[in-house]
Each structure stands twice: as C-alpha cells, then as structure tokens.
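Trainee: I have just opened this structure for the first time. Could you show me how to read it, one feature at a time?

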Amino acid sequence: MEQTATRSWVSLTFDREMSTAEVEGMKRSLGARTALQVPPAVGAAYARARQVGFARSCCPEVGALMSVLSAAVPTGGRILELGTGVGVGLAWIVHGLRSRTDVEVVSVEIDPRNSAVAAGAGWPDRVTLVVGDAKEVVPSLGEFDLIFLDVPGGLKASLFDDAITALRPGGQLLMDDMNPYWGKGRTRLPLDGNDPERLLEDSRVACARLGYASGMILAARLPDRA
Ligand SMILES: C[S@@+](CC[C@H](N)C(=O)[O-])C[C@H]1O[C@@H](n2cnc3c(N)ncnc32)[C@H](O)[C@@H]1O
C-alpha cells in the first residue's frame, strides 16, 4: 500500500519577548517556515497579564485572527468583546484597527480588578470598557459587526444566542478554546460539555470550526429572511 507523507503543524508560544534574531535562530533550528510575531502594543498587553498572573488571555493565533476580522469591519462598524480579561484580546482588536477612528469597540468584563488592569493600559477614545455580567448587559448594547465571545466554558454556550441576536447581517462571531487538548492541565471541557455541534447548527448563522491553536468556531450572521 502506498503511504502518503503527512505534515503536522506545531505552534510554540514563549512567555517572554524574543528578538528577531532569536526567532530566526529558533526557526532555523526547528526547521520552521514561519513564526507568528506579536506586535509591540500586544506584547505589552501579554507582559501586563504575566505581571498580574492572569493566564487566560487569548493565544497569539486567535488574537491575530481577531486583528484581521477587526480590520475587515465596515466603515462606522461596532466590535464587542465579551470577557475583557486584562486586555490582551482588546490589544489585538485595536492593532487590527490601526489608526481607524470610525469603529466603536466595547469590551465587557465581570471582574472589576481585571477591568481595572485593562483600563490602566490606556486605549483610544473609540474603546469603552464595561464592568458587568455579559448575560445582563449584552441585550442592551445594540448591534455589532464583530463579536469575540471569550467568557469561560458553559457561559459561552449560554451567551451564544444573545450574541447571534446582537450580530448585524454579515457580522461575524469568534469563539476560542474549543480544542479540549489545548493548554497544560486543562480540566474542563470546551463549553463545559455543551455540544458545539448544536451551535454550529443554528439556522441564523454559517459556522466553521477552525482546528488550529486553541480551537475556534467562526460564525457569520446570514441575512434575515423576509
Ligand atoms: C478567557 S478570559 C478573557 C480573555 C480576553 N478576552 C483576552 O483575550 O485577553 C475570560 C474572562 O471572562 C470574564 N468573565 C467571566 N464571567 C463573565 C461574565 N458573566 N460577564 C463578563 N465577563 C465574564 C472572566 O473574569 C475573564 O476575565
């Protein structure tokens, strides 16, 4: 029987800044073709998270995708993050927007200590940090073109419906931490055991699983039927 060579992809994350020379050296020694580089403002956010011992920030691969999706938000658009943490995801979103001033960004966090750490970073005027329970505040926040649903486990599943309702037609929603094998010492199933397939079958959205890094579900809101 003919054997087909398989190629695997491995991504490494380092808990410190590395110079370009170090990254290039690492690529050479590992035979890697690419390495994801973290922009300086986002690197500062990861450093802040390490300083306060916050270990639940999104990984660089997820953040980089949020940057791209943020860049694609239409003129005058709105972005919502559920679960600010200490501001790493927000730094990726703001990086994606570059100098755009037409996009409003709202980020919701239930823990005032986390939100205070995030607020300490200083954000452009178009960014608003809200302290509150996403379950309570989402229905009053209006409509969005992009939502990063990044609260823990089962809460993600219970917020999915409200988040889809808050999406404008064509708007996109990203959920991470869908890979049960991601992260050392993970003790909880993604969505706390709620079935991701049920979310994928919601008739208001088109969904895709993205299997790399922490594992994601990306959904786009379909146009409302007449
Ligand atoms: C995975 S972390 C968020 C990481 C952040 N999005 C980032 O990428 O840096 C999840 C956050 O959700 C917050 N959280 C938990 N329950 C919440 C709720 N009901 N409403 C809003 N935030 C909540 C937690 O306090 C925690 O900071």
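**Around the ligand**

Mentor: Let's begin with the ligand: 22 residues surround it, and among these G83, E109, D133, A134 and D150 come nearest. A residue counts as near if one of its heavy atoms lies within 4 Å of the molecule. Please keep in mind that this is a predicted model, where local features need pLDDT of at least 70, side-chain atom pairs count only at pLDDT 80 or more, and totals for chains, interfaces and linings use all residues. Residues are numbered from 1 along each chain as its sequence is written, and side-chain values use heavy atoms, with hydrogens and water left out.

Trainee: Which N or O atoms of the protein lie close enough to the ligand for a polar contact?

Mentor: A polar contact is a pair of N or O atoms within 3.5 Å; within protein, one must be able to donate a hydrogen and the other to accept it, and residues adjacent in sequence count only if both atoms are side-chain atoms. Here, an N or O atom in the side chain of E81 is 2.9 Å from a nitrogen atom of the ligand. The side chain of N114 has an N or O atom 3.1 Å from a ligand oxygen, and V88 places a backbone N or O atom 3.4 Å from an oxygen atom of the ligand.

Trainee: How much of the ligand does the protein bury?

Mentor: Accessible areas come from the Shrake-Rupley method with a 1.4 Å probe; for residues, only the protein chains shown count as cover. Taken alone, the ligand exposes 600 Å², and the protein buries 93% of that.

Trainee: How do the strands pair, and in which sense?

Mentor: Strands (E, at least two residues) and helices (H or I, at least four) are DSSP runs, numbered from the N terminus, and two strands pair if DSSP finds at least two bridges between them. Strand β1 (residues 78-82) pairs with β2 in the parallel sense over five bridges, and I79 has V105 in β2 as its bridge partner. β2 also pairs with β3 (residues 127-131), in the parallel sense over five bridges.

Trainee: Is β2 enclosed or open?

Mentor: Buried means under 20% relative accessible area, exposed over 50%, and partly exposed in between (1.4 Å probe, protein chains only). Five of the six residues of β2 (residues 104-109) are buried, so this strand is largely enclosed by the rest of the structure. V103, in the loop between α4 and β2, is buried too, with a relative accessible area of 1%.
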